[in-house]
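Q: Could you take a close look at one part of this model for me, the residue that the database record flags as an active site, and then show me how the rest of the structure is put together around it? An informal walk-through is fine.

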Amino acid sequence: MEKSGSVDSLGSKQSSSRQPSVDSLSSSSTTSRSDRSSQAKPPSAVSSDSVSVSDLPLSPEQLRANIRNKPVPKVIRDSHKDEPQMLTKETVQDMAKDVTYICPFIGALRGTLTVTNYRLFFRCMDRDAALVLDIPLGVLSRVEKIGAATSRGEVSYGIVCKDIRNLRFVHKQPDDTLKKSIFENLMKFAFPVSNGQPLFACEYDQVFPENGWKVYDALAEYKRQGLPNESWRISKVNDHYELCDTYPSTLVVPVTIPDEELKRVAAFRAKGRISVLSWIHPESQATITRCSQPMVGANGKCSKEDEKLLQAIMDANAQSHKLFIFDARPSVNAAANKMKGGGFESEDAYQNAELVFLDIQNLHVMRESLRKLKEVVYPNIDEAHWLSNLESTHWLEHIKAVLAGALRIADKVESGKTSVVVHCSDGWDRTPQLTSLAMLMLDAHYRTIRGFQVLLEKEWLSFGHRFQLRIGHGDKNHTDADRSPVFLQFIDCVWQMTRQFPAAFEFNEYFLITILDHLYSCLFGTFMCNSEQQRLKEELPKKTVSLWSLINSQLEEFCNPLYVNYSSHVLFPVVSMRHLELWVGYYIRWNPRMRPQEPLHQRYKELLAKRAELQKRVEELQREVANRAAASSSERAGSPTRSITPVQTFV
Amino acid sequence: MFSVKPLKPTFKSYLPPLQTDLKKSPQLTIRKLEAKLLPGEIVVNEANFVRKCIGADSSQDDLWGKLICTNFKVSFITHNSLPQQNFKYVHRLLGEHDVPLACVEQVVTVNDVKGKQKVLGSNKKLKFNPTELILYCKDLRILRFRFDQAGPESAKKVCLAIAHYSQPADPQLLFGFEYVSSRYYGSSGERVNGVDPGGGQQTPLFDRPSDWDREIKRTGASEWRVCSVNEGYTISPSLPEYFVVPASLADQDLKQYACSFTGQRIPLWCWNHPNGSALVRMSSISDPQQQRKLDQRICSAITKSHPQRCDVFKSDLDKQLPNIQEVQAALVKLRQICVIEPFEESEEKWLSSLESSRWMDYVRAFLRHAVEVVYTLEGKHTSVILLEEEDRDLSCVVAGLVQLMLDPHCRSLLGFQALVQKEWVMAGHRFLDRCNHLKRNEERRKEESPLFLLFLDCVWQLLNQYPSAFEFTETYLTVLSDSMWIPIFSTFLFNCPKQRAEHSRDFARSRSIRLGQDQALRFPAVWDWSQQFSPKDQTLFNNPLYVGKGATCVQNGAVKTFKRTKKSYSSTLRGLPPALRNGQLSDLDTLPRRNSLVLRLRPELGQAREPCETPCERFVRERFSRPADPQGMLLPQLLPSHLSLWRLYFLRWVPEARIPHGGPATAFHKLSLLVDEIHTLQSRLRHYNTSNSTPTPTGPPPPAPSLALSPPPNPPQRPHSLSRPQPEQQQQQQQQQQQQHHGRMYFRTSSSAPAGTPSTPDYLSSSFPFSPEGNLCRRGLLGTPLSKLLSGARIWLSTETLANEAL
């Protein structure tokens, strides 16, 4: 039995359209959101969300929580409630009491399990252990019954999550065998794509003060880089994704190569992913360009047009008469690709080009490495062999390889003033890792919060990193060989850089973790689909909310207070095992024996507040003294009022 | 630079490097190079036209100068300056290229023409003329000098002198004795210069009853008393003259008990928890017949001193912690992989090598043990006795850590110094033996152990996990450990207070120094930091993040204690991202009371695999679910994944590991500027306040910018500060402060720079304030990894000098 309550403190019209369906098990709501923008309100007014709560009226806490406008649910403090704080369009699908969560750290805990169309919510009923599990269904990778029912009629379910944890629940088989158990329902809602249902992101319609879909505008970003210029032009050849369906519509290419020739080049590069510009050095004009492997094949084919394009890329940079081609793969793999029609550039065909292999393993190796890492960190750590176990996963070694590759690219561009071409096989996994990391080292703009969003939108999303395939949103096929933690690995590399340069990034660790959490959550449309073309076709900007809408609406939570804007600084991290660390704040965050680092940032914010307070007071006093001086010069008997407020010193 | 494979060592590099750089020929240096000597320091030997190696790969940056061996240090003096080095803190006792002899671990001489090497010991002969000298230092530096242009005889002599003088046969040959007698006592033997053994400040040395009395009062240990039975060290040779015992034990009993304990060490009180439980350290009872009886007596006396008469828990450290040789072996291995092995070659197996050194394991073992003691004291309200055979090694580490975790006072600079003084120096940690300052033989080598460094590493782990809980920085901890190798400070020169008294009395007698009222030579304590650093450089010790104890609150001139309010707690919690809270026991409102059982497993779930959690683990986990209070109890995270290598200490000299423009120093810089700004604002406010309260109608208000240099308003509350100064004194003090004080922060906002755009100095790096330049010439070692050198050298070397480098 459910009762829906809609709160609308400001009398918005929205409430009528937001009435949650009472029993939306069969919901396939496709509410039109064409009027979204007209509904956008200033931040102070975005306080009206409808919240559906079963059996309970809205509590003041929930109201306050709504006013703070946190779409990411917070743990409810009130121990009477078994339900999560719901999002817009989120509805309870099933609920079971007396479910036991077998916590690998504390043991069995009994509580209530709720499944909505967005999340799995478990609340422990033990008065002493106030444990709450609140997991977006998108995080689930696999749900399975473990073993047969016991003599007491209990069944056990194991859940494997994408965010480095596993869950195990035990509950009684319903007496009525016809009724589906909560886990059967869970499987239904956890994998909507496999069941022909839309992802929750298509229903979620929270309005934020900023529309994150507008964060990235390719032309504006190229303009920031000073493009087009005398050597580079913006080409519309891929406007309708005819040249390459996995590339963005806006491409930057050398002025000397007309569109017709680009089409011929496309035939020679895998999937038509020709060499286009990613970044240009503001002073030396050295560029980072990206592409896929050349279709050399076993017979060693070559393409005059491709050679000409690379020559043009080299010529566009007057500082150097060389071009470096960075092939991300180990040379063995690159050679093996010849049998499949691919391969690498021969230095004979490409004059003045030097080919360097960066020895980064493929996505299958990375997936296996993460699997091993999960075994080592979850749930418990073998204390005696921690470091050697960590070493045997090779995870940090792979991180090192990626960072080292990016460092070589950045060094070539910055110190060598030489243009570089980066590719792997298809140019959508290792290539964006390398280009975006190198750009992060070279260009301080990408180290700001908005700049980083642009970097992701540009190098990852618009250039067709296949997020849907690599993550498998809402897809139950957890063994899919296309899944791989390529993006996670990139974020890990970024985190390593933030550790080495604590003052060089505008964002904090929580920003990176939030991105990863919503990579899986399926709450936002940002990481859905495989390419710009698909996203446009699915009308994601219309149908879904962007993650950047959330982040840019509460920037202060993601800010690194230590940030110093060294605009001209190039960062060269030390790529050594001596400095690389396992990102415990991400990989080991579920272990209750770990405590998040003492918030240094909190302390810093306290200090900032202190300074502001003192500055204000000094100004007041200065003014007062000035006034007094003026007053005493006119009338000597003036008695200034004392208005000195207490000063607290923390330090 | 990035990871280009290093050149494989070849035998080609045995050839002497080509002299390509004529500009640097030694003839150009006409000005005379003279050693800067301290009082009591004399030159033993010297060699001219020596080249100090700077870069690992080329001789391009090498410096020409004079290599001097004195009775205190190996000194290299040059007119050249290091390339690209625009920052260096100035050491008052040591020049830029100097190494104290006590810091020299191993002296290796090489003749690359003949292809010979030799590790030099004290009083050894050298049959070839060295072309190169390599000094392996205890602070992990590796220095290299070349004698291509130097006179062969003088080169040989200076090498032999260094080898000989770095291993004196007798403690009184350590430089500190000469230094103190020359500096503080005139030629006729009377005291001339005042030396403040307390370090110019108020660090209690615990060498007099009043220090102990104050400690008893501070911790509220009312049932404990200061006992002076060991005055003149008549009972125990290793105990201090004054220490604290249960009030119920009479001096007579103590004297009687003493002979049954190892080293006649009567159990020592360390600290009292506010709940009344006490921390006590005790050596083993050597007399088996007395064991039970004595044990009972001691325990019951401690129980009587507990307000709730709680039982006593005994923690046997010898059984649960690594011994001193194991700790020493761990450091040898760790040093091997950190500084000696070629950087690139050790990359691949870095993690497993780190693990196999076991250093991190030992750090964790000591921290974990301390946590268990903390749990007993805090969670179970039970007094704890730390048991150790001799009570002079492991107990020092554990007793120190327990107090750091439980007592915020110990995390202030003075409190920490007092802690080291109390649990290490006075408790008789054998610094002389553990540092191995004297001539090394097999027996002495067994006694060498870096226990104090291990303790500092544990402290660093706490500091790393709770950056705002400590008044000092990691630079302070590093500099403190380096001070062990400057044999001047009473702190690290002796095995126990009695040894100090005896040696200095003998020395004074032999030099006819009149000690007067003093019973012994007054060595400076390391805590007098002005011995080593300028006031400005000492500000590198101040942690800008520190949340001081009961940070003072100035309210209309009256000083009140400021307590962290509930509000600030909740704000910390809010700072905790929801994503991190998710899945954890984190509900503040429903937190279990202390000791309540979290788990009441339903019987039917018995079959489910139940992870067993010890009460102590649960204690820790419950604490972790609450926001940390920097002024409350600190519990370290003990998962091996959460302890890190102390990079500043272990990697500061490694050029390849240096992060230019990065590392924690950049955060330190930013924070220091902010805190300095706050200080400036506060002092301005104070100024306005005083000018308001004492009306000076004639004078106009002073211009604001000049206030930027006024002293910080609130020097941190010194625990034993003097009574409030009189008004005149206050004025004087202020003047003094104005002269001396340069602000509490190392980095300051310059009044000219526009606010909000602080430029980061170029010299900041992960090694700051240290620099690898010329301090780690590992790879230039004839292109041969040291291990190969040594295994080759072994054939014609005495084994004695190699024992320490054996793998």
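A: Let's start with where the residue sits: A:Cys424 is in the loop that runs between strand E16 (419-423) and helix H12 (430-442) of chain A. Keep in mind throughout that this is a predicted model. The "active site" label for A:Cys424 comes from UniProt, in an unreviewed entry.

Is A:Cys424 buried or exposed? Its relative accessible area is 2%, and the cut-off for buried is under 20%, so A:Cys424 counts as buried. As for what surrounds it, leave out residues up to four places away in sequence and you get contacts with A:Cys291, A:Ser292 and A:Gln293, then with A:Asp327, A:Ala328 and A:Arg329, and finally with A:Asp429, A:Arg430 and A:Thr431.

Zooming out to the chain that holds this cysteine, chain A has 21 helices and 17 strands. Of its 651 residues, 62% are buried. Take the contacts in chain A between residues at least 6 apart in sequence, and 70% of them join residues at least 24 apart.

One helix of chain A is worth a stop, namely H10 (residues 386-393), whose buried residues are A:Trp386, A:Leu387, A:Leu390, A:Glu391 and A:Thr393. Looking down the axis of H10(A), those buried residues fall within an arc of 155°, so they line one face of the helix. As background, an α-helix has 3.6 residues a turn, so residues three or four places apart point the same way. What does the buried set of H10(A) pack against? Within chain A the partners are helix H9 (363-377) and helix H11 (395-414), and chain B adds its helix H8 (350-357). Right after H10(A) comes A:His394, which has a positive phi, near 65°.

Now for the nonpolar interior. The largest nonpolar core has 347 residues, and those with the most contacts inside it are A:Phe452, B:Leu401 and B:Phe455. Helix H9 (residues 359-379) of chain B gives the most to this core, 13 residues in total. Domain 1 (43-167) and domain 2 (209-558) of chain B both contribute residues, so the core lies between them. A separate core of 36 residues lies apart from it, with B:Trp212, B:Ile216, B:Leu239 and B:Phe243 among its members.

A:Phe452 gives you a feel for the packing in the big core. Setting aside neighbours within four places in sequence, A:Phe452 is in contact with A:Leu440, A:His445, A:Tyr446, A:Phe490, A:Ile491, A:Val494, A:Phe507, A:Phe511, A:Leu512 and A:Ile515.

Over in chain B, there are 25 helices and 16 strands. Buried residues make up 60% of the 807 residues in chain B. For contacts in chain B with a separation of 6 or more, 74% are between residues 24 or more positions apart. The domain assignment splits out domain 1 (43-167) and domain 2 (209-558), and the C-alpha centres of these two domains of chain B lie 35 Å apart. The contact between them takes 20 residues from domain 1 and 24 residues from domain 2.

Chain B has a UniProt annotation too: the record, again an unreviewed entry, places a "binding site" feature at B:Asn323 and B:Ile324. B:Asn323 is in the loop between helix H6 (317-320) and helix H7 (324-340) of chain B, while B:Ile324 is in helix H7. How do the two compare in accessibility? B:Asn323 is partly exposed, at a relative accessible area of 36%, whereas B:Ile324 counts as buried at 11%. The side chain of B:Asn323 reaches the backbone nitrogen of B:Gln325 at 3.1 Å. B:Ile324, not counting neighbours within four places in sequence, is in contact with B:Asp393, B:Arg434, B:Lys446, B:Glu447, B:Glu448, B:Ser449 and B:Leu451.

One last stop in chain B is B:Gln538, which sits in helix H18 (residues 535-538). B:Gln538 is buried, with a relative accessible area of 17%. A polar atom of the B:Gln538 side chain lies 3.0 Å from the backbone oxygen of B:Phe533. Beyond residues up to four places away in sequence, B:Gln538 touches B:Trp529, B:Ser530 and that same B:Phe533.

Notes:
Residues are numbered from 1 along each chain as its sequence is written. Chains are lettered from A and ligands numbered from 1 in the order in which they are written. This is a predicted model: local features need pLDDT of at least 70, side-chain atom pairs count only at pLDDT 80 or more; totals for chains, interfaces and linings use all residues. Side-chain values use heavy atoms; hydrogens and water are left out. A nonpolar core is a set of buried Ala, Val, Leu, Ile, Met, Phe, Trp, Tyr and Cys residues joined through side-chain atoms within 4.5 Å. Buried means under 20% relative accessible area, exposed over 50%, partly exposed in between (1.4 Å probe, protein chains only). Helices (H or I, at least four residues) and strands (E, at least two) are DSSP runs, numbered from the N terminus. Domain bounds come from an automatic or database domain assignment. Contact means heavy atoms within 4.5 Å. A polar contact is a pair of N or O atoms within 3.5 Å; within protein, one must be able to donate a hydrogen and the other to accept it, and residues adjacent in sequence count only if both atoms are side-chain atoms. UniProt positions are given in the numbering used here, feature names are shortened, and annotations may be inferred rather than shown by experiment. The arc is that of the directions from the helix axis to the C-beta atoms.
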